Amino acid sequence: KMKKLTYLFLALLIVACSSDDNSSSDNESNCIPLNFNNDNSSRWEGPFMGTDDTVAYIPDYYAVYYYFVVKELQDIYIQINGEYGNARYMSYNIYDASTLSNTGDGSILDNEINPYCDSYNPYSTVDNGNSTNYNVNIVSNSLGIENELMFPQDIDSLVVMLRYYVPEDSNGEIAGVELPSIVGKKTDMSGEIDLNFAQIQNPDTGPLAAKLTIMAEVVSTLTDSIGFWKLDSSGLLANKDNEYLIGPAICSEDQLAIIKFKSPTYNTANDITQSKDVRYWSLNIGDRQTFTYNGIKDEDAIISDDGWCYIVFGRPNNEVESKCAIRNYNYVEWNVPSDIGVIIYRNMLGNSLFEGWLGNVLPLTLNPLEQGTVLEYLAPNFINDYGPRGIRVNVTDFLID
């Protein structure tokens, strides 16, 4: 009798396991294919490469950007169907097209985008299958669907931006995948609808350019030091996942700008899910018109023997470059077409418990002409050695020292 019961139990276990397998198989077979085939994929503007010094809005030198603009959003929502890109980071940000500032939820991050029912997310541990498909739904009210990115109901024109940082280039496809499809849908779930695409307005960089010019001139006339502050970046399509510090600097052809800071720990493409101080950091040099001309990123930077990361900006000079190599300094060419440069220190997805988290730096919102005010808001006052700071030196002095 015991033997019969054992056989019966084993038979039930086999049936149960078989049922589970069939259920998993049924789930994949019942997975409705996403709409990847529509003409709206061509409505993405871009690619806008950070390495292109004609691209505005202070792009990161190691990133690529795509966007589209849609207006007349009443009673519709936008569904984006794509494949996760092969990159250190990807995200979607949404902006009010009239102000170019983040709106609503602001963004949805790669590891927050749940994969489709037949797919896995390479940025997280969520695994539903072998594909890498996802959809993001941009809505004005929650519809109870996956991956909702919400914008306010009173917004009538929306900029949607897709970003890849440190993307792989595979067969001419940036981040190794095709651009996602863009589908208009009715909020009553009755079907698809044509979207009304529009053009983006040009940014008004005048106020920021004026402030940066004043700060660079005030600081440079009083001292040879180069300071870094947190300034308001609204209206410039800022990435919600980034914190920015800006160091305006005047550097003549016979001078070098030497920046130093303690480097945070960072993720690489192979350890995205591991806990680090930041996902990514970079130091870029641009100008007051929000164009970027050169940069260096975390994994390329050399750390000096004293534990600091030194970045030397200067005009082409083989002797300076050789001296930097001897000292374990990083040399970055000053490609800005003037003596006034804007150096941007960027941290992505910083850990708020990290001592050097840029969220700890208070923004400079007061009159930059007041020297005391400027000095009080310097980044190292808030994050110590993790705050970048710099100095201008003559090339001859650098080579002799």
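Arg88, Asp298 and Glu299 are joined in a network of salt bridges in this predicted model. Within that network, the side chains of Arg88 and Asp298 meet with N and O 2.9 Å apart. The pair connects distant parts of the chain: Arg88 belongs to strand E4 (residues 87-96), while Asp298 sits in the loop between strand E17 (292-297) and strand E18 (309-314), 210 residues apart. Both Arg88 and Asp298 are buried.

Side chains of opposite charge can pair when their charged atoms come close. Here the count comes to nine salt bridges, and the table gives three of them.

| Pair | Closest N and O atoms |
|---|---|
| Arg88 and Asp298 | 2.9 Å |
| Asp224 and Arg392 | 3.1 Å |
| Glu243 and Lys230 | 3.1 Å |

Let's look next at Asp224, which forms a salt bridge with Arg392. Asp224 is in the loop between helix H2 (206-222) and strand E13 (225-226) and Arg392 is in strand E21 (residues 389-394), so this contact ties together parts 168 residues apart in sequence. Are these partners buried or exposed? Asp224 is partly exposed, because its relative accessible area is 41%, whereas Arg392, at 12% relative accessibility, counts as buried.

Now for Glu243, whose salt-bridge partner is Lys230. Glu243 lies in strand E14 (residues 242-250) and Lys230 in the loop between E13 and E14, so the bridge ties together parts 13 residues apart in sequence. Glu243 counts as partly exposed at 26% relative accessibility. Lys230 has 11% relative accessibility and therefore counts as buried, the cut-off being under 20%.

Definitions and conventions
Residues numbered from 1 in each chain as written. Predicted model: local features only at pLDDT ≥ 70, side-chain atom pairs only at ≥ 80, totals over all residues. Heavy atoms only, no water. Salt bridge = Lys/Arg side-chain N within 4 Å of Asp/Glu carboxyl O. Helix = DSSP H or I, 4+ residues; strand = E, 2+ residues; numbered from the N terminus. Buried < 20%, exposed > 50% of the residue type's maximum accessible area, 1.4 Å probe, protein only.
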